[in-house]
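Welcome to a short set of exercises on reading a protein model. Keep the sequence and the 3D view open side by side, and try each task before you read its solution.

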Amino acid sequence: SLMGRNPSMNTSCGTSCPVEKVTWLDAVKFANALSKKERLTPAYRISGSSVYWTQSANGYRLPTEAEWEYAARAGERSRYSGSSSLSTVGWAKTNSSGKTHRVSTKRANGWGLYDMSGNVWEWVWDYKRTYSGSVSDPTGNRSGTKRVFRGGSALAQSTSNRVARRLSHTPTSKFHDLGFRLVRSGY
């Protein structure tokens with residue numbers, strides 16, 4: 001309702017379905033719109049296809065890749081977010097019947113976060129091929145031709161739903177198993 005349309009392919013579970021089929025740019029525009037609606041300072045300045053992150057803003061934003069993985073791991077060392085058994089925490093090709101499912105129907109990870117393994121891939125802010133040396137809370141490149149998505153999906157094989165798995169694509173790409181998760185800083 002905030003953006004005036006639902007781009008999702010699967011809407012069979014109503015407002016409980018994960019939103020998918022969104023580009024990275026759609027996700028940052030949604031984050032800004034939600035921030036404005038809640039009278040928060042938007043995290044992004046958007047100029048055409050260029051996006052600049054104002055790190056001091058208290059509005060909604062995409063997590064960095066490092067933040068996403070930290071939240072998905074929740075202090076645990078399991079293969080998937082919250083378990084070493086994907087079927088208990090996520091929807092994948094093996095148990096999804098080829099479609100996304102209502103959010104929060106599988107077990108949460110140790111920090112109470114649902115669906116971080118499976119259901120829909122999730123865009124993150126940054127893209128960095130590799131990190132070298134000692135890096136604490138990296139934010140990756142501020143610009144580039146690719147962005148990362150994490151977490152796997154209901155259409156992916158179990159190995160793609162591992163917490164460590166990452167894929168990248170252009171920020172204008174959208175797939176019917178690709179969505180996003182928002183975070184907030186400074187509150």
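The exercises below work through a predicted model, and each task is followed by a worked solution.

**Exercise 1. A network of charges**

Task: Find the salt bridges that share partners, and work out which residues they join into one network.

Solution:

Step 1. Begin with the total: the structure holds six salt bridges.

Step 2. Now pick out R150 and E65, whose side chains meet in a salt bridge with an N to O distance of 3.0 Å. This pair brings together distant parts of the chain, with R150 in strand β5 (residues 147-150) and E65 in helix α2 (residues 65-73), 85 residues apart.

Step 3. Check how well covered these two residues are. Buried means under 20% relative accessible area. R150 has 1% and is therefore buried, and E65, at 5%, counts as buried too.

Step 4. Look for another partner of E65. R166 forms a salt bridge with E65, and their closest N and O atoms are 2.5 Å apart. Because R166 sits in strand β6 (residues 166-169) and E65 in helix α2, this pair ties together parts that are 101 residues apart in sequence. R166 is partly exposed, at 28% relative accessibility.

Step 5. Move along to R73 and E69, which form a salt bridge with their closest N and O atoms 2.9 Å apart. R73 and E69 are four residues apart in helix α2, so about one helical turn separates them. Both values fall in the partly exposed class: R73 has a relative accessible area of 28%, and E69 has 24%.

Step 6. Put the pieces together: salt bridges with shared partners join E65, E69, R73, R150 and R166 into one network.

**Exercise 2. A disulfide and its hand**

Task: Which cysteines does the disulfide join, and is it right-handed or left-handed?

Solution:

Step 1. A search of the whole structure turns up one disulfide.

Step 2. The disulfide joins C13 to C17, with an S to S distance of 2.0 Å.

Step 3. The torsion about the S-S bond of C13 and C17 is about 130°, so the disulfide is right-handed.

Step 4. Compare the two ends with the 20% cut-off for buried residues. C13 is partly exposed at 22%, while C17 is buried at 11%.

**Exercise 3. The largest pocket**

Task: Describe the lining of the largest pocket by class of residue.

Solution:

Step 1. Start with the space itself: the largest pocket holds about 900 Å³.

Step 2. Its lining is made of 30 residues, and those nearest the centre are C17, P18, V19, F30 and F180. You have already met C17, in the disulfide with C13.

Step 3. Ask which element gives the largest share of the lining: helix α1 (residues 24-37) does, with five residues.

Step 4. Sort the lining by class, and you get 14 nonpolar, nine polar and seven charged residues.

**Exercise 4. Strands side by side**

Task: How many bridges join β5 and β6, and which residue in β6 is the bridge partner of R147?

Solution:

Step 1. First look at one neighbour of β5. Strand β4 (residues 121-123) pairs with β5 in the antiparallel sense over two bridges, and W123 stands opposite F149 in β5.

Step 2. Next take β6: β5 and β6 pair over four bridges, again in the antiparallel sense. The bridge partner of R147 in β6 is H169.

Step 3. Finally, examine the two faces of β5. R147 and F149 lie on one side, V148 and R150 on the other, and all of them are buried.

**Exercise 5. Positive phi angles**

Task: Where in the chain is S97 found, and is S97 buried or exposed?

Solution:

Step 1. Recall a background rule: most residues other than glycine have a negative phi.

Step 2. S97 has a positive phi of about 60° although it is not a glycine. S97 belongs to the loop between α3 (86-89) and β4, and is exposed at 71% relative accessibility.

Step 3. S104 also has a positive phi, near 65°. S104 lies in the loop between α3 and β4 and is partly exposed, at 38%.

Step 4. For a glycine, turn to G48 in the hairpin of β1 and β2, where two residues lie between the strands: its phi is positive, near 65°.

Terms used:
Residues are numbered from 1 along each chain as its sequence is written. This is a predicted model: local features need pLDDT of at least 70, side-chain atom pairs count only at pLDDT 80 or more; totals for chains, interfaces and linings use all residues. Side-chain values use heavy atoms; hydrogens and water are left out. A salt bridge is a side-chain nitrogen of Lys or Arg within 4 Å of a carboxyl oxygen of Asp or Glu. Buried means under 20% relative accessible area, exposed over 50%, partly exposed in between (1.4 Å probe, protein chains only). A disulfide is a pair of cysteine sulfur atoms within 2.5 Å. On a 1 Å grid over the protein atoms alone, a cavity is a set of points where a 1.4 Å probe fits but cannot get out, and a pocket is an open set with protein on both sides within 12 Å along at least five of seven lines; lining residues have an atom within 4 Å of a point. Grid points are joined across faces, edges and corners, and a volume is the space filled by probe spheres set on the points. Ala, Val, Leu, Ile, Met, Phe, Trp, Tyr, Cys and Pro count as nonpolar, Asp, Glu, Lys and Arg as charged, and the others, Gly among them, as polar. Two strands pair if DSSP finds at least two bridges between them.
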